[in-house]
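Please open the model in a viewer and keep the selection panel at hand. The tour below proceeds by selections.

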Amino acid sequence: MTSKKKEAPPTKKSRKKTIKSITAINPRTGMALEDVKQDLVENMLYVLGKPPALATPHDCYKAVAFSARNRLMKRWITSIENFLNSKTKAVCYFSAEFLIGPQLYRNLINLDMYDTMKQAVKEFNLDIKDIIEEEQEPGLGNGGLGRLAACYIESMATLGITAVGFGIRYEHGIFHQKFRDGWQIEQSDNWLQGGNPWEIPRPDRMYNVKLGGYTELYVDGDQNQRVRWIPGKIVKGMAYDLPILGYKSQTACMLRLWKAEAHEAFDFQDFNTGDYYGAVENQVAAENITKVLYPNDEQLAGRRLRLEQQIFFVSCSLQNMIDMHLVKEKTLDNFHKTYAAQLNDTHPAIAIAELMRLFVDEHFMNWEKSWDITRKTFAFTNHTLLPEALEKWSLSLFSSLLPRHLEIIYELNHRFLDDVKKNFPQHVDRIPELSLIEETGKKYIRMANLACIGSHAINGVAQLHTQLLKAHTLNAFYTLTPEKFSNKTNGVTPRRWVALCNPRLTRMINDRIGDGWLKNMEALRQLEDFIDDEEFLAQWWLVKQNNKREQAEYVFKKTGVNLNTDSLFDVQVKRIHEYKRQHLNILHILTLYNRIKKYPGLDITPRTFIFGGKAAPGYYMAKLIIKLINSVAEVVNSDPDVAERLKIVFIRNFNVKLGHRIYPPADLSEQISTAGLEASGTGNMKFSMNGALTIGTLDGANVEIREEVGAENFFLFGLTASEVNELKASGYVPMDYYTYYEELKEVIDLIGSGLLSRGDKDLFKPLIHSLLYEDKYMLLADYKSYIDCQEKVNTAWADQKQWSRLSVLNVARIGKFSSDRAIREYCRDIWKIDILKPI
């Protein structure tokens with residue numbers, strides 16, 4: 001052998017040239033049918049290492065996913081380079097959840113290659129629908145908070161905005177819901193078991209996160225007194241990136257999720273001495289941080305793990321942001337001009353104290369400048385009006401896990417309250433509300449208060465919600481700084497929630513007005529031109545009926561329950577909670593059931609009641625409501641007197657994939673929460689976009705939906721938020737309603753009779769007792785109004801043409817609730833980002 005002279009490494013200039021030339025001749029990004037087919041074969045052989053004869057359905061899904069990913073990668077890399085090479089401000093969206101849903105179908109639509117891929121797999125004797133169905137639901141979120149974050153990231157990409165979503169790469173989702181004898185059973189949701197072809201591991205992007213320990217003072221070389229944190233343990237965070245492509249856009253945003261790893265994963269000394277479990281103890285403890293979404297926090301260990309999750313992902317993210325900023329700038333002085341950081345509720349609020357720590361302790365910036373930049377960087381979205389949902393941490397837990405952050409919060413609190421005393425003497429009496437520390441009884445750190453003082457903007461997520469924040473929940477802060485507060489009503493992406501999940505309706509709309517509405521939903525107003533077109537209305541009804549037939553086939557396959565597709569599909573799918581009042585829906589069902597039992601020949605509107613949603617593992621009353629729904633279904637569905645007039649089905653394990661099936665066939669959307677308690681809701685928007693009419697209270701975004709679609713196209717019932725407060729203040733006695741309304745009394749008595757619980761009269765006693773002696777969520781007060789409103793629904797349903805007309809108007813006037821509109825408002829009012837027209 002002869003040795004060769006060692007070549008010099010390529011220069012930056014030559015490396016770029018090499019990369020460009022490789023990209024230019026790469027056939028893996030071609031959009032022609034033959035290119036896609038070749039890519040599928042190469043993915044199977046060279047990426048998955050499988051001969052076609054041995055390929056499983058999941059292998060076929062992965063091959064297709066990698067082909068789609070190949071075609072969005074160039075757009076993603078270009079988006080990153082544009083950020084690095086310009087003064088563009090990037091949005092950093094901090095969220096504990098990103099309920100992104102399956103990615104394959106969405107990416108095929110956004111790449112405008114669904115039809116090509118459909119044909120490509122067909123030529124291999126495969127069905128694109130089967131391949132799409134093979135994808136697992138990513139277990140990265142639970143409810144509206146995470147789904148909103150996913151919609152916003154997709155909208156930012158569609159609008160050409162540079163953005164990063166920062167969160168946690170949960171190994172297990174919240175749980176997989178099963179039913180056993182009608183009770184919810186939680187099983188592990190190991191969604192990563194088959195791998196995730198969309199994610200890109202970044203072992204070069206690792207950060208240390210400190211936990212526990214203590215702090216000490218020291219003097220630096222310039223004789224400045226500083227604080228050093230000596231941690232009890234260190235956890236490493238590794239980045240996993242998912243590209244989020246915009247709709248027919250050259251922009252792709254990044255979802256960067258962090259996985260926890262041990263600082264030292266394996267102890268050879270323990271292993272060699274025979275302590276095999278001890279050898280990996282650190283690894284197990286560290287990886288627990290990102291093991292599961294929302295651990296049960298009834299016990300101290302669960303609460304500690306939640307706090308560890310929060311500091312873990314915000315610390316990794318902020319360190320990453322600082323690193324990227326210093327690639328572009330020499331100092332951190334303009335950090336707030338590089339990033340607009342949005343806190344999606346209070347879960348990431350610890351980021352305010354962490355950024356202060358990084359600036360002051362790690363980068364030796366003075367306190368005043370650090371605080372000024374921090375406040376200019378962060379903005380805070382509040383998502384709740386429930387006091388118990390405003391996150392707070394016991395002082396003992398917080399100090400044991402984050403001793404340095406506690407010192408920073410004490411200092412922030414001291415300076416903030418001094419400022420209140422000095423500049424707002426008229427509000428001194430409100431200091432107990434404003435303080436970052438709850439002093440009454442056991443001491444707590446108030447994360448919403450920290451978010452309020454550390455952010456330059458605070459927003460609610462619906463007009464009513466924002467009004468109530470200003471008037472009640474955050475009134476003390478609104479009184480001090482009213483200029484910080486604004487409303488940004490939630491929105492959802494029409495690409496997933498119409499185009500993807502309802503292709504029949506999408507094709508019909510496109511045939512009439514084109515597809516421009518997918519980027520400008522206000523264009524749907526053109527559908528009003530067809531509300532008197534009988535042919536159009538008949539076609540609209542047929543689309544809904546076909547969706548219902550498809551849904552009925554799925555339900556029968558999964559549950560064995562036969563659905564009457566000519567019945568009104570009455571749907572309530574959302575997290576199970578007393579304030580969302582699934583049990584008010586059940587009171588209506590049992591009212592109808594009692595009427596049928598009294599008068600078997602009664603002519604009533606046939607209805608199919610569809611439920612879906614999960615109860616938190618530790619929330620007993622919510623689990624009892626699920627049991628009640630399933631128990632009522634067992635009795636009603638098997639009663640021959642009912643025949644096909646009523647049917648009840650609870651579709652288990654509600655998630656994004658099931659949402660694709662449930663929203664399109666719905667006729668009636670149940671949005672019946674107690675007025676003044678729902679921040680916004682987004683399910684109400686998805687139902688309306690798919691042509692369902694709404695029955696609801698004046699709560700959350702219902703108020704604005706009613707304003708947009710027209711009061712005559714919305715079935716309104718119940719007390720308003722102010723009436724709820726007035727009734728409670730005057731001394732609400734739910735028992736009075738029980739004794740006054742005969743049908744209500746009969747329904748409550750039926751629940752307690754044992755008929756619905758196989759003779760067990762005690763099973764539903766806690767629920768009955770709660771309704772009769774407390775009724776915190778005003779079910780009995782709203783019962784009669786709800787029942788009467790449902791009769792109006794029956795009257796409207798009887799006229800098929802008029803119902804279709806109302807359905808069309810709901811879709812035509814729902815344009816305000818696009819997430820694109822919401823993101824434009826954030827850019828204009830909070831982030832101060834100009835939106836350029838996407839390429």
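Which residue stands opposite methionine 238 in β9? The partner is lysine 259. This is a predicted model, in which local features need pLDDT of at least 70 and side-chain atom pairs count only at pLDDT 80 or more, whereas totals for chains, interfaces and linings use all residues. Residues are numbered from 1 along each chain as its sequence is written, and side-chain values use heavy atoms, with hydrogens and water left out.

**The central strand selection**

Select residues 252-262, strand β9. Strands (E, at least two residues) and helices (H or I, at least four) are DSSP runs numbered from the N terminus. Ten of the eleven residues of β9 are buried, so the strand is largely enclosed by the rest of the structure; buried means under 20% relative accessible area, exposed over 50%, and partly exposed in between (1.4 Å probe, protein chains only).

Add residues 233-245, strand β8, which pairs with β9 in the antiparallel sense over eleven bridges; pairing requires that DSSP find at least two bridges between two strands. The two strands form a hairpin with six residues between them, and lysine 248 in the turn has a positive phi of about 45°. Next, select residues 163-168, strand β2, which pairs with β9 in the parallel sense over five bridges. Here glycine 167 stands opposite leucine 257 of β9.

**The whole sheet**

Now extend the selection to the open sheet of nine strands, ordered β5-β8-β9-β2-β1-β10-β11-β15-β16 with mixed pairing. At its edges stand β5 (200-211) and β16 (485-487), each with a single partner strand, so one side of each has no neighbour in the sheet. Zoom in on β5, which runs antiparallel to β8 and is joined to β8 by nine bridges. Lysine 210 has isoleucine 234 in β8 as its bridge partner.

**Aromatic residues**

Rings of Phe, Tyr and Trp (its six-membered ring) pair if their centres lie within 6.5 Å; planes under 30 degrees apart count as stacked, over 60 as edge-to-face and the rest as tilted. By this rule there are 27 aromatic pairs. Select tyrosine 740 and tyrosine 741: their ring centres are 5.0 Å apart and their planes lie at 85°, so the pair is edge-to-face. Tyrosine 740 is exposed, with a relative accessible area of 65%, whereas tyrosine 741 is partly exposed at 23%.

Finally, select Tyr93, Phe98, Tyr152, Tyr826 and Trp831, which form one aromatic cluster.
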